[in-house]
Structures are given as structure tokens and as C-alpha cells.
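User: I'm new to reading structures and I keep tripping over the labels people use. Could we go through one together?

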Amino acid sequence: MWHEGLLYKLNTFLPDNIYRILQSYLTNSYFRTKYREAYSSLRQILVGVPQGSVLGPLLYLIYTADLPTLANSTTATFADDTAILTVHEDPIIAAHRLQMQLNKIQSWLKSWRMKANEAKSVQVNFTLNKMTCPPVKLNNDHLPQADELKYLGIHLDRRLAWRKHITTKRKQLDLKIRNLYWIIGRKSQLSLENKLLVYKVILKPV
């Protein structure tokens, strides 16, 4: 996050006293690096927030709250993961709508000095047909097309059959059961009440 841009946004809606506290939090911070016995000169930190800070996620949400959207597309965000979805029976129109949205986001990213990670971006076509949408670009690079992806812990496949997701979760569950069998198996002397607690806390969430 670009500090100057973030402070501009905060200043538009926060009371002056709270804004100045956050301004103090974000400004006048410096860093330097050490290599063996040598130190670099001090450099001012102009972007980002302290990793693991309580305010970090909140400030990021404020900074990205005006991410552009289009009426015929859906933008789904969770922290710094963003998914853009468009729907149309004609794959060419669907791809065109997606490209229009990506163009707006690319312009927004440039204005607010952020960069998308193209290496972690992928285009997936969800359809029962064999037709595939034309490729789309982000920062003039074609996004790779895939038949499945993992988003927020969920494995989504082209036909939305959930086969990959169910297989993955089944393997995770089998591994956890094997590791816990000594305590939840038939020969374990743990009470049924506590076995049920282990199931609800560790196995059921999978």
C-alpha cells in the first residue's frame, strides 16, 4: 500500500484527530539493511504496513474499497485474493466482459501504485460445453488457462463436479484419522464424550 494514497483516502472520511493518529502510525518510519559488518544508509518506508499488525488488514480493506466494478461482472475479494466473474452463454462475450473488467482494474492498480501477481493469476472457464473462452490479458500478459484452481481452500473444476475437492478433502481426513487413531480408535480408553470432542474440533472442520 502506497502511504500517500492511503492517507489521501483516510483523510476523506475520518475525523481529523483519528486521521492524525494513523498519519503518525504510517509516516516517519525508516529501515536499513546489514550485510556482514556493513550497514546501508537509512531509507524511509513509503509503502506497506507492519506485517502481522492489527491495523494492517483494516487499512488494506479501506485502500482497496474503491476497486472498480462493472454491472455485468462480479468482484469477489477476501483479504488480498480477488476473483472476477462474468457470465454469458457466448464464450466470446463472456471473455470480452472479463477483459473490460480487467482493464479497469489494471488502470486502478496503476493509479494507486499496486501490482497484481500475474504468476498467481489464472483464467478458468466453468461450463459443461467443450467451448473455451478466448484468453484474457492482465498488464499485457495472457493469463494462463486452467481446468481447475484452488480458491480460499476450495478446489473448483471446470464442470463444477467437485471431484478434485472431495478427493483432496478425503485424503486430508484420512491422514488426520490415522494420526489420531491411537486416541479415538476402539482400543483407546478415552471417554466417548472426549472422542466426540476431538471429532468436532479436528475432524469435522475438514
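Analyst: Sure, let's take the labels one at a time, keeping in mind that this is a predicted model.

User: Let's start with the helices. Why is α1 called roughly perpendicular to α3?

Analyst: Look at the angle. Helix α1 (residues 3–11) and helix α3 (residues 55–63) pack at about 80°, and their axes are 10 Å apart. Angles of 65 to 115 degrees count as roughly perpendicular, so α1 is roughly perpendicular to α3.

User: Which residues of α1 and α3 meet?

Analyst: On the α1 side you'll find G5, L6, K9 and L10, and they meet L59, I62 and Y63 of α3. Sorted by class, this contact of α1 with α3 has five nonpolar residues, one polar and one charged.

User: What makes K9 the charged one and G5 the polar one?

Analyst: It comes down to how the classes are drawn up. Lys is listed with the charged residues, and Gly goes with the polar ones, so K9 is charged and G5 is polar.

User: And α1 with α2, are they roughly parallel or roughly antiparallel?

Analyst: Here α1 and helix α2 (residues 16–26) pack at about 170°, with axes 10 Å apart. Anything over 145 counts as roughly antiparallel, so α1 is roughly antiparallel to α2. The α1 residues in this contact are H3, L6, L7, L10 and N11, while α2 brings Y19, L22, Q23 and L26. By class, they divide into six nonpolar, three polar and no charged.

User: How many residues does the largest nonpolar core have?

Analyst: The largest nonpolar core has 25 residues. L6, L10, L26, L59, Y63, L102 and V136 have the most contacts inside it. The elements giving two or more residues to this core are α1, α2, α3 and α4, and α4 has the largest share, with seven.

User: How do you know that L6 is buried?

Analyst: L6 is listed in the core, and a nonpolar core is by definition a set of buried residues. So L6 must be buried, which means under 20% relative accessible area. As for L102, another core residue, it touches V136, K137, L138 and L143, leaving out residues up to four places away in sequence.

User: Now the surface. Why is K120 called exposed?

Analyst: K120 has a relative accessible area of 72%. The cut-off for exposed is over 50%, so K120 counts as exposed. K120 is in the loop between α4 and β7, and its C-alpha is 9.5 Å from that of P144, although the two are 24 residues apart in sequence.

User: What does S121 touch?

Analyst: S121 is in the loop between α4 (91–111) and β7 (123–124). Not counting residues up to four places away in sequence, S121 touches L138, L143 and P144. Its side chain also reaches the backbone oxygen of N117 at 2.9 Å.

User: What makes the T86 side chain's reach to A94 a polar contact?

Analyst: The distance from the T86 side chain to the backbone oxygen of A94 is 3.0 Å, and the limit for a polar contact is 3.5 Å. T86 sits in strand β6 (residues 81–86). Beyond four places in sequence, T86 is in contact with N72, S73, A94, R97 and L98.

User: R97 is on that list. Is R97 buried or partly exposed?

Analyst: R97 is at 22%. Buried means under 20%, so R97 counts as partly exposed. R97 is in helix α4, and its contacts beyond four places in sequence are L70, N72, T86, V87 and H88.

User: Why does N139 count as partly exposed, while R36 counts as exposed?

Analyst: N139 is at 27%, so it counts as partly exposed. R36 is at 65%, so it counts as exposed, the cut-off being over 50%. N139 is in the loop between β8 (137–138) and β9 (141–142), and R36 is in the loop between β2 (34–35) and β3 (38–39).

User: What is the phi of R36?

Analyst: Phi of R36 is near 55°, a positive value in a residue other than glycine. Phi of N139 is near 55° too.

Terms used. Residues numbered from 1 in each chain as written. Predicted model: local features only at pLDDT ≥ 70, side-chain atom pairs only at ≥ 80, totals over all residues. Heavy atoms only, no water. Axes fitted to C-alpha atoms, helices over the stretch in contact; angles between N-to-C directions. Helix = DSSP H or I, 4+ residues; strand = E, 2+ residues; numbered from the N terminus. Parallel < 35°, antiparallel > 145°, perpendicular 65-115°, else oblique. Contact = heavy atoms within 4.5 Å. Polar contact = N/O pair within 3.5 Å; in protein donor to acceptor, adjacent residues only side chain to side chain. Buried < 20%, exposed > 50% of the residue type's maximum accessible area, 1.4 Å probe, protein only. Core = buried A, V, L, I, M, F, W, Y, C linked by side-chain atoms within 4.5 Å.
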